[in-house]
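Here are my notes to go with the structure. Keep the 3D view open while you read, and follow along point by point.

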Amino acid sequence: MAEPIVALATPPSPAPLAIIRLDGDGCIEALMAIIPQCRRSLEARHPSAIEILWHEDGEAVPAIATTFLPPGSFTGGESVEIVVPGSPPIVRGILEQFRRQGVRPATPGEFTRRAFVGGKIDLTRAESVAALIEAEDLAAVAAARRVLEGELAHSIGEIGSRLLDLVAFLEAGLDFTEQEVEGPRGEEVASQIQGIAAAISALLDRRREGRAEPLAQRILLWGRPNAGKSTLLNALVGREAALTSGDPGTTTDPVLARVLLPPGGEVDVIDLAGNRTATDAVEKRALELSLRWLRGGEPVLYLLDSSCRQEDLEAEWHALDPDIRRRAMPLLTKIDLGSAEESLVTAFADGLAVSALSGEGMPELKEKMGQWLAEKTPTAGQGLLFTERQVGCLQQCKKSLDRIRDFLATGSIEAELLVVDLKQSHSLLAEVTGEATPERILDLIFARFCLGK
Amino acid sequence: MSAEGSFFDVVVVGGGHAGCEAASAAARMGAKTCLVTLDTGTVGALSCNPAIGGIGKGQLTREIDALGGLQARITDQAAVHYRMLNTSKGEAVQSLRAQVDKDIYARSMQKRLVATPGLTLVAGSVEDLQVSGGRVEAVLLADGSRITAARVILTNGTFLRALMHTGESTAEGGRIGEGAVTGLSVALERLGFESGRLKTGTPPRLDFESIDLSRTTIQHPDQEPDGFSAFLPPPRRDWMVCWITRTNDATHEVIRKNLHRSPMYSGVIEGIGPRYCPSIEDKVVRFPNRDGHTVHLEREGIDSRSVYVNGISTSLPADAQEELVRQIPGLEKARFLRHGYAVEYDFFPPHQIRKTFESRAVNGLYLAGQICGTSGYEEAAAQGFLAGVNAALNLADGPPFILRRDEAYMGVLADDLVRCDPREPYRMFTSRAEYRLMLRHDNADLRLHDHARSLGLLTEAELERVLQEKEKVQSTLETLRRIRIGGKDLLSILRRPGATFDEVEAASPEVAGLSLDERIRERVRVDARYETYIERQLEEVRRLKDLEEWCFADGFDFDKVPGLRGEAREKLVRLRPLTLGDARRIAGVSPADLSLLMVFLSGEKHRRKELG
């Protein structure tokens, strides 16, 4: 039995297309589970057009999947290759869908290893793959070093130490009773595990914050209906990307367009339905859709109609969800109407004001957007290195700790069994930081207890 | 007896726990064997504490027994006090410990060896080795005589360039009243072996008559112990008790005052002592806040007045030892029969041996026991047994005998040692055995039965008895798995905490009808308890087995593999793993390093695992 594994086979940067590869028993079944529209089974070795889920809300994107049955695959086992749109959030979403189906992220070189074990690769091919993997691993080593110097590794290391401390404490109570060493009590263990699981959750939460991709940058346009979002979008791209009118609520579906920024950068700007209380089902749906985009953690340009009263605009700005406001930049629009007061422009710190119609302030806006994006891009060494595989390890670790805690709640689990579970959790963590030595447990025991007869 | 000019298949150097097992196993497997030791009167001696077994160690003793070795049988003949340890914990971490009569133990061992056909005991000091074409040919004794040997097993214990320290005074020797061996270390270094220095210590021995027992607490033995050997009836005799007392602030004060006179702390001892069996000086220094440390008083024999003061191993000067002992309740008027001392000795880091205990540098030369940097009678015996068996198999062109980590503590020991660069003596703990739920002392005989049969060191009747029991346990487990009551199979009912076999029998007439004896019922109950966890572990074993199939050829150059991280490369070069599985167990080798190694290996003309 080969465990099902999944990995992105193309580089993790935006590209028109990306290839996701799966291997192992049950991987075709996992694929079928996330292409709900497909009623018939896919013909092996035959590329099939499918719609694949990438979002928990049931959103799907078109893709091409090819399945392989043993022994006719790269590894010799059951496997799947899927060509999907190359947008990183979509790719990440699809990988997440597979993880929910119980497919584990592959470790580096694991496909190749399976191919060797399955006797599917001859030596010359093996060597060329070797060269590839080597390059990949050298990059991985460099990346790991950045992680090691970063806060993330520090946190993982700390959680790992807490787990190992607990294991050592339990082990000491097993191996050194002759020396009067008492192991920890049940409730002590339970509260330790609770704390460790919480620390992992906190770490996983932090990963969501740092989720913006440096290469796939997006800015969301938001504001009251009729604040001029669509007009601004059209002015930014230089064509009529979005339908505009004088009536509020013209935009219902998000409209995406790519905008060129000086000195040569690009950004996807997304025009969202306006910020207002929904009165009917369509508006409600439009608002929900906007809010989903807004929760994604991406920067927001919040448009304020300069023809409105200053108090109203200030109240509107401060009523924004703090999480969105933190990521938002206020922008005064319609300054060509000439009603904007000086105090209004200074009230919003950045003092950005444009007229999409006259073009006034547009060059400054673009420059500002460029700078702003550079600032908002997470620095390398933090969230970026929090790879799919690492997230997978952390999630599994958390799950296994939750299971242990549930066991403990039922009243009785014996130390020698508890240790098996905890070590398994630790080895999942250790896969992130790459340290797992039984000797360390003994070292910890010796550091803490007075042993010897 | 003189062996001058004679030829032996196997020459074992040293008559301690490793040497006895090695010589006995080799001879009984058909090799013409000679055991050379400084003094044949001290063969089988227990140099330190009068006890066999303990947590992690008792498992080794049971495994040696299951394969046909001696330690368990001799212990059962000499035991005066048995205690099952960790009875409040699960069966997988319980172990048997026996206090023994040292005289009876050594005499029983000697008697056993003398009666072994094909085994000759010789008194002498082996000072040199003759090696030709990378293969050992003979050993040379201090008196100038030469013994030709096809295989040589060195089990010199603590005797190589040994120094004994008591306070400021130092004497040559590996055990009180005995000498040291110097030439052999030189010979090994000349052959390219890397050597190191380790230290161990032993506490004072006091006169039983001088101890005030009224100020101590009695520790009683188990009343109906099973004994160690699966092949002897449970031992029944008048058991001895032992006594417990405790050090206190006054004791510690004496130690602190004299610390500068302890060779360990004044820098005289170069070797490194074990953290788990520290001297009382170490304990006081490392744990200044403890107000006392437990002391066990163990008589060294039924007729012996000598009491082993377990817990205060020391190398302080004699006057300081006397002063500190007199601060301990019950020992105020204690008479010293012998002072405690530390021994410092040469060892040869075991990454220089293979899992068969044959050295990598010289064919036919085996190292086993404390010479490999371990500590403990049980660890030594296990190594000696494996070395003796492998030397005999190798002579007969048989396949090597290597136990895996998931098969036995002995497998863990051998596997740990070949990758080990010990900074302190290596000792077995249950936590070293990742598969300890399977490797229990209670199932050693059943678990190792197939291996025992292939080695042939047990009698046909003994093997048959184990086989019958094994089949009985297995068929009972099958039955329990098959019968379902209320939607649950009986095995899972038996697995519930606190469940008893009686409940299962009450629930199922079929099981009751088997009328199983208590021994089988107990075995089945313990197996049931661990079953789900063991299944998980077996899955892991299977997953990792792939890695064991990938071997590094002799002399594989890890420096040639591109992309390895510095730490991993350094460790690999030094410890020379045989397989990817070995490499994985080296601390500092990451999954990415493993992938690189695997890919590189595929490019090499890698061959199937060459065992040993």
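1. A bit of vocabulary before we start: two strands count as paired if DSSP finds at least two bridges between them. With that in hand, look at strand 10 of chain A, where A:Leu303 is the bridge partner of A:Gly223. Keep in mind throughout that this is a predicted model.

2. Which strands does strand 10 of chain A pair with? One is strand 7 (residues 218–223) of chain A, in the parallel sense and over four bridges. Another is strand 11 (residues 328–333) of chain A, which also runs parallel and is joined to strand 10 by six bridges. Here A:Leu303 turns up again, standing opposite A:Leu331 in strand 11.

3. Is strand 10 of chain A (residues 300–305) covered or open? It's mostly covered, with six of its six residues buried. Try colouring the side chains by direction: A:Val300, A:Tyr302 and A:Leu304 point one way, while A:Leu301, A:Leu303 and A:Asp305 point the other way, and all are buried.

4. Staying in chain A, have a look at helix 7 (residues 229–237). Seven of its nine residues are buried, so this helix is largely enclosed by the rest of the structure. Among the buried ones are A:Lys229, A:Ser230 and A:Thr231, along with A:Leu232 and A:Leu233. Right after the helix comes A:Gly238, which has a positive phi, near 80°.

5. For a contrast in burial, go to A:Arg100 in helix 2 (residues 88–100) of chain A. Why does A:Arg100 count as partly exposed? Because it has 13 C-beta neighbours inside 10 Å, and the buried class starts at 20, while 12 or fewer would make a residue exposed. If you want to practise with the distance tool, pick the C-alpha atoms of A:Arg100 and A:Ile270: they are 170 residues apart along the chain and separated by 29 Å.

6. Now over to chain B, where three strands make an open, antiparallel sheet in the order 3-5-4. Strand 3 (51–53) and strand 4 (79–85) stand at the edges with a single partner strand each, so one side of each has no neighbour in the sheet. On average, neighbouring strands here are turned by 20° against each other, direction ignored. Six bridges tie strand 4 of chain B to strand 5 (residues 95–100) of chain B, and in that strand 5 you'll find B:Gln99 opposite B:His81.

7. Helix 2 (residues 57–67) of chain B packs on this sheet, touching strand 3 and strand 5 of chain B, and its direction makes about 85° with that of strand 5. Helix 2 of chain B also meets helix 9 (residues 377–395) of chain B: their axes come within 9 Å and cross at roughly 30°. That makes the two helices roughly parallel, and their crossing is left-handed. Residues on the helix 2 side include B:Leu60 and B:Ile64, and those on the helix 9 side include B:Ala381 and B:Phe385.

8. Last, the cores. In soluble globular proteins, nonpolar side chains tend to be buried together. The largest nonpolar core in this model has 148 residues, and B:Val11, B:Val152 and B:Ile153 have the most contacts inside it. Leaving aside neighbours within four places in sequence, B:Val152 is in contact with residues including B:Val11, B:Leu129 and B:Tyr366. Apart from that core lies another, of 34 residues, among them A:Leu220, A:Tyr302, A:Leu331 and A:Met369.

Conventions:
Residues are numbered from 1 along each chain as its sequence is written. Chains are lettered from A and ligands numbered from 1 in the order in which they are written. This is a predicted model: local features need pLDDT of at least 70, side-chain atom pairs count only at pLDDT 80 or more; totals for chains, interfaces and linings use all residues. Axes are lines fitted to C-alpha atoms, for helices over the stretch in contact, and angles run from 0 to 180 degrees between N-to-C directions. Two residues are in contact if their C-beta atoms, placed from the backbone, lie within 7 Å. A nonpolar core is a set of buried Ala, Val, Leu, Ile, Met, Phe, Trp, Tyr and Cys residues joined through C-beta atoms within 7 Å. Angles under 35 degrees count as roughly parallel, over 145 as roughly antiparallel, 65 to 115 as roughly perpendicular and the rest as oblique. A crossing is left-handed if the near helix is turned anticlockwise from the far one by less than a right angle, and right-handed if clockwise.
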